[in-house]
Amino acid sequence: MSRVIRATTILCVRKDGHVAMGGDGQITVGDTVMKANASKVRTLKGGKILAGFAGAAADAFTLFEKFEEKLERYPGNISRAAVELAKDWRSDRVLRRLEALLAVADKERGYVLSGSGELIEPDDGILAIGSGGPYALSAARALLSNSTLEPKPIVERALQIAADICIYTNANINVLEL
């Protein structure tokens, strides 16, 4: 990804028809922790889609709204909604300036979207964004391949590991499931 988004970690794991997405609660401005219990993950479309953000909160709320608009336009088609949001995000003069990454998932697919036009669907069903994303991704991959844990405990444990390593991630973890 071309942007380095600090101050959060979002992780999504899909396994055997179940999906869980979680995020830490830390909001950091520069080198100061401003809030410890923020919620950066939410459900959309009546609990059928999970979404999480890394980056500026106001920008993320704008992206949530735009993504929900795309979901209304393309009901039941998260892939098309994600593609259309990525196109708009990259080409729209206002949206292009937003400083955030968005992770979205339903039971079948998951994507990471960015303002530079990236739309990534990982091969292994694990999405990770934010400054602690690489740590959470590594931990989740290890847990997924070496345990019988379900997605929610994998997300919880991987985010805890990221919190132990990344100074922009804390252990106030919020996890949602489909």
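**Exercise 1. Work out whether Glu84 is buried or exposed, and find its salt-bridge partner Lys87.**

Step 1. Start with the cut-offs: buried means under 20% relative accessible area, exposed means over 50%, and partly exposed is in between (1.4 Å probe, protein chains only). Glu84 has a relative accessible area of 11%, so it's buried.

Step 2. A quick word on what you're looking at: this is a predicted model, where local features need pLDDT of at least 70, side-chain atom pairs count only at pLDDT 80 or more, and totals for chains, interfaces and linings use all residues. Residues are numbered from 1 along each chain as its sequence is written, and side-chain values use heavy atoms, with hydrogens and water left out.

Step 3. Now the partner. A salt bridge needs a side-chain nitrogen of Lys or Arg within 4 Å of a carboxyl oxygen of Asp or Glu. Lys87 and Glu84 pass, with their closest N and O atoms 3.3 Å apart.

Step 4. Place them both. Helices (H or I, at least four residues) and strands (E, at least two) are DSSP runs, numbered from the N terminus. Glu84 and Lys87 sit in helix 2 (residues 78-91), three residues apart, which is about one turn of the helix. Lys87 comes out at 46% relative accessibility, so call it partly exposed.

**Exercise 2. Find where Glu121 and Arg109 lie, and check their salt bridge.**

Step 1. Check the distance: the closest N and O atoms of Glu121 and Arg109 are 2.9 Å apart, and the pair forms a salt bridge.

Step 2. Locate the two ends. Glu121 is in the loop between strand 9 (119-120) and strand 10 (126-130), while Arg109 is in the loop between strand 7 (100-105) and strand 8 (110-114). They're 12 residues apart, and the pair links distant parts of the chain.

Step 3. Look at the accessibility. Glu121 has 34%, so it's partly exposed. Arg109, at 35%, is partly exposed too.

Step 4. Salt bridges can also share partners: Arg80, Glu84 and Lys87 are joined that way into one network.

**Exercise 3. Count the salt bridges, then describe the one between Lys45 and Glu72.**

Step 1. The count comes to six salt bridges.

Step 2. In the Lys45 and Glu72 bridge, the closest N and O atoms are 2.9 Å apart. This pair links distant parts of the chain, 27 residues apart: Lys45 is in the loop between strand 5 (41-44) and strand 6 (49-55), and Glu72 is in helix 1 (residues 57-73).

Step 3. Compare with the cut-offs. Lys45 has a relative accessible area of 30%, so it's partly exposed. Glu72 has 54%, so it's exposed.

**Exercise 4. Find which backbone nitrogens the side chain of Asp24 reaches.**

Step 1. Find Asp24 in the loop between strand 2 (18-23) and strand 3 (27-29). Its relative accessible area is 0%, so Asp24 is buried.

Step 2. Check the distances. The Asp24 side chain reaches the backbone nitrogen of Gln26 at 3.2 Å. A polar atom of that side chain also lies 3.2 Å from the backbone nitrogen of Asn170.

**Exercise 5. Classify Ala158 as buried or exposed, and say how far it is from Thr8.**

Step 1. Ala158 belongs to helix 4 (residues 151-165). Its relative accessibility is 0%, so it counts as buried.

Step 2. The C-alpha atoms of Ala158 and Thr8 are separated by 14 Å, with the two residues 150 apart along the chain.

Key:
A polar contact is a pair of N or O atoms within 3.5 Å; within protein, one must be able to donate a hydrogen and the other to accept it, and residues adjacent in sequence count only if both atoms are side-chain atoms.
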